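Biologist: Got a minute to go through this model with me? I'd like to talk about charged pairs, then a pocket.

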Amino acid sequence: MKYLKFVISLLLTVIIYYGLNTKFGSVPPIGKFLNPATGIWQNEKDETITGTVSIDGLKDKVTVHYDEQLIPHIFAENENDLYRAQGYITAKHRLWQMEFQTMAAAGRLSEFIGEAALNYDRRQRRLGMGFGAEQAIEKIKEDPETMAFLEAYAEGVNSYINELQPKDIPVEYKLLDYKPEPWTTKKTALLLMYMTKDLAGSDTDLEYTNALRIFGKERFDLLYPDFYDVIDPIIPKSTDWSYIDVPMTETPASELPLDTISKTIEKPHPDNGSNNWAISGQKSYSGNPILANDPHLGLNLPSIWFVMQLSTPTHNTFGATLPGALGIISGFNKYIAWGETNATRDVQDWYKIEFKDEKHSQYKYGDDWRTADLRVEEIKIKDKAPFIDSVRYTHHGPVTYDQNFMGDNKLAGYAMKWSGHIGGNNQRTFLELNKGKNYDDYVNALKHYTAPAQNFVFASTEGDIAIWVQGKLPNKWKGQGKFLMDGSNPQHDWQSFIPQEFNAHTKNPERGFVSSANQHPVDESYPFYVFNDGFETYRNRVINDFFNSRDTFSIQDFRDLQNNNYNLKAAELLPHIFNTMDTSSLTEEELQILNEIKAWNFNNDIDELGPSIWSAWWRNLHSLLWDEYKVDDVALKTPYDYQTVHLLKTKGDDAFMDIIETPETETAGDLFLISFKKAVKSLMDWKAENGSYNWNAYKATYVGHLLQGLPAFSRFNLPIGGGSNIVNATKKNHGASWRMIVEMSSPPTALGIYPGGQSGNPGSKYYDNFIDDWAAGNYHNLNFMQSDTGTDAVIGTQTLISN
């Protein structure tokens, strides 16, 4: 009997051991995860920020001071050591985030998430993300210095990975049961591709093609004009473009294909954008230019940004970095400051490809057949056999849609032409900005920049301010890129690019300020064709009106503007509704809510009821107006908000106002009333379940972990106002991802804040410690150290030395 008990005990031990150390579905190996020596508990600690650390390849020692915000101030004797140290320090605080984003870009999430990520991975491969990263690396190889810095950065990251003990591996690796892999220069290129795609514009060619076919050209032009009736562009309207002397691309005499596609791939968030502006000394309280930047992106933990100071004997730079990439992206040095907003330029076009046969090895081009390159994509899947996808590449780009992926035509597909595939040395742009001293340095740095198109704002201690719309932008014929084009017609190719010096820009404009908020870059006098692919029309006017309203502005004015909650869209439509809507049929409850919104001052502040009523009302009104777009198996994109408001106010009897499913013929006034009643019902239902529908509760802003299934690593119900089309563009899970204000004194002084913390470790007090101040509209002073001598602000110092 004792032998039987022994055998049973041994068997149970084996089963328990296997169960605790084996991953079942989405559940991590519990034994590994909870192991007191190597599991999650080991992540419940603060970062080590003192002592001496040996890393491979350093030429001299590197000093890293940490301030009370856990911002590292890196002082190196040369640039190679600087970027090696940047890689090491970034990995120390953000390793999992760095790798996760590059694996997402490469279409490799299935390797550790499983089959649930397969369609996402296929999409990334079919968008040519890996191909674009490879092209970028080939371009960077033409610049040995930048390549050397990228390699040093990668070696710095790997120095940290190599010293990691199992207990110190970030908790997300333990949760998903995988380990870090070596960092490479391609991973940096993939990270930059990830951002390039996220900021590539709205990409609606296929949807617009369907709208053109369904509604006809006259109606299409009404719905989607290239210019709105109100335009306040980035470059002032008074700009003289007569110096531009290159020919415009002529429109070919040819037909466009009007194919249908039932569904398009998921697009980046439509509100990915930003604000930036700079005022000259003549408008500044101190006589120094002042610059501001706040990029609008997804609100995630760990935060998209990691703040650092990077210093050598030849330059000293401070600001926000992208974990995984070289240098400061939005920041300042002793002489200049810079920041970016999304230029929202159409840099992705789609081409119909006609294949010779079902092998898809040749495609028609002109009078001939060209060979399509084959890229075999092996997608590894956790606990399953790999999935093999075959992606054909034409001279336009990858055939994203075909009979094997979201298409149903055996002899045709849709290929994407994208400037992100060209291959550019964007890292050189930021390396040169980091070292820049004046306007000429800024302009020369931008010449290397390819994609995504960005509005680069600039200010200097010399007193200059400027803004450039920068990117490698095709010189298109009028209408090119709005719709699906004929991939067999050489005249539909991109014929040339706008010369860099003719990209829209302005320096020291007479009005004393420059600004951008993703609006139209220019007015109709600019000679090159600019397609309205979703330009902003509200934030930009609030910003420009603000700077036109007074002669001088202070730092507090900049803070107030970045946190401005004025809802111009509501202010332009609601008075019209109040004047035209028949209220005679409203119930007592509905009248009460109507009076609540009538009393609203159009500010989306957290305690207001008006923003919640407006949000519910607008959502229902928009849905009723554009019911023509609810078509099965046809991809469509409704008109942008400004044109929607314009039509409601000026064409209230248009056929689009009629609700298709009712026998009556509705007008805009009818839509106002019906949508209001629907909004009231939804608000009352919401109130019954949740309580007060003030804006703070109704919007319920949160900052979510990159793995959206991890609420314990996220922050919810943050008290912050703002919303869509508002300068404070904070929505439910999207908004100002980094707020920076820099005064160009000597040396510059700056404020900054972002919704997160410096650490990527959820067990650290520095993981989300900035969020409350960010939500409240507060800022932190950025401690721009002028030497490596420690100050009272330093709470810890590490010395990095060579092994």
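Modeller: Sure. A salt bridge here is a side-chain nitrogen of Lys or Arg within 4 Å of a carboxyl oxygen of Asp or Glu. Keep in mind that this is a predicted model.

Biologist: OK, which residues are linked in a network of salt bridges?

Modeller: Glu-99, Arg-108, Glu-111, Glu-181 and Lys-187. Within that network, Glu-111 pairs with Arg-108, and their closest N and O atoms are 2.7 Å apart.

Biologist: And how many salt bridges in the whole structure?

Modeller: The search finds 37.

Biologist: Back to Glu-111 for a second, what's its relative accessible area?

Modeller: It's 24%, so Glu-111 counts as partly exposed.

Biologist: What about Glu-134, what does it form a salt bridge with?

Modeller: With Arg-375, at 2.8 Å between the closest N and O atoms. Glu-134 sits in helix H6 (residues 129–140) and Arg-375 in strand S14 (residues 373–381), so this pair ties together parts 241 residues apart in sequence. Glu-134 is partly exposed too, with a relative accessible area of 27%.

Biologist: Then Asp-221 and Lys-217, where do they lie?

Modeller: Both are in helix H11 (residues 217–223), four residues apart, which is about one turn of the helix. Their side chains meet in a salt bridge at 2.7 Å, N to O.

Biologist: Is Lys-217 buried or exposed?

Modeller: Lys-217 is exposed at 57% relative accessible area, while Asp-221 is partly exposed at 33%.

Biologist: Switching topic. What volume does the second largest pocket have?

Modeller: About 960 Å³. It is lined by 28 residues, and the closest to its centre are Tyr-120, Arg-123, Tyr-194, Asp-198 and Glu-266.

Biologist: Which elements supply at least two residues of that lining?

Modeller: Helix H3 (79–106), helix H5 (118–126), helix H9 (185–198) and strand S5 (290–298) each do.

Biologist: And what's the lining of the second largest pocket like by class?

Modeller: There are 14 nonpolar, nine polar and five charged residues.

Biologist: One more: where does Asn-78 lie?

Modeller: In the loop between strand S3 (72–75) and H3. The Asn-78 side chain reaches the backbone nitrogen of Asp-81 at 2.8 Å.

Biologist: What does Asn-78 touch, leaving out residues up to four places away in sequence?

Modeller: Lys-59, Asp-60 and Thr-312.

Biologist: Why do you call Asn-78 buried?

Modeller: Because its relative accessible area is 17%, and buried means under 20%.

Terms used
Residues numbered from 1 in each chain as written. Predicted model: local features only at pLDDT ≥ 70, side-chain atom pairs only at ≥ 80, totals over all residues. Heavy atoms only, no water. 1 Å grid on protein atoms, 1.4 Å probe; cavity = no way out; pocket = protein on both sides within 12 Å on 5 of 7 lines; lining within 4 Å. Points joined across faces, edges and corners; volume = space filled by probe spheres on them. Nonpolar A, V, L, I, M, F, W, Y, C, P; charged D, E, K, R; others polar. Buried < 20%, exposed > 50% of the residue type's maximum accessible area, 1.4 Å probe, protein only. Polar contact = N/O pair within 3.5 Å; in protein donor to acceptor, adjacent residues only side chain to side chain. Contact = heavy atoms within 4.5 Å.
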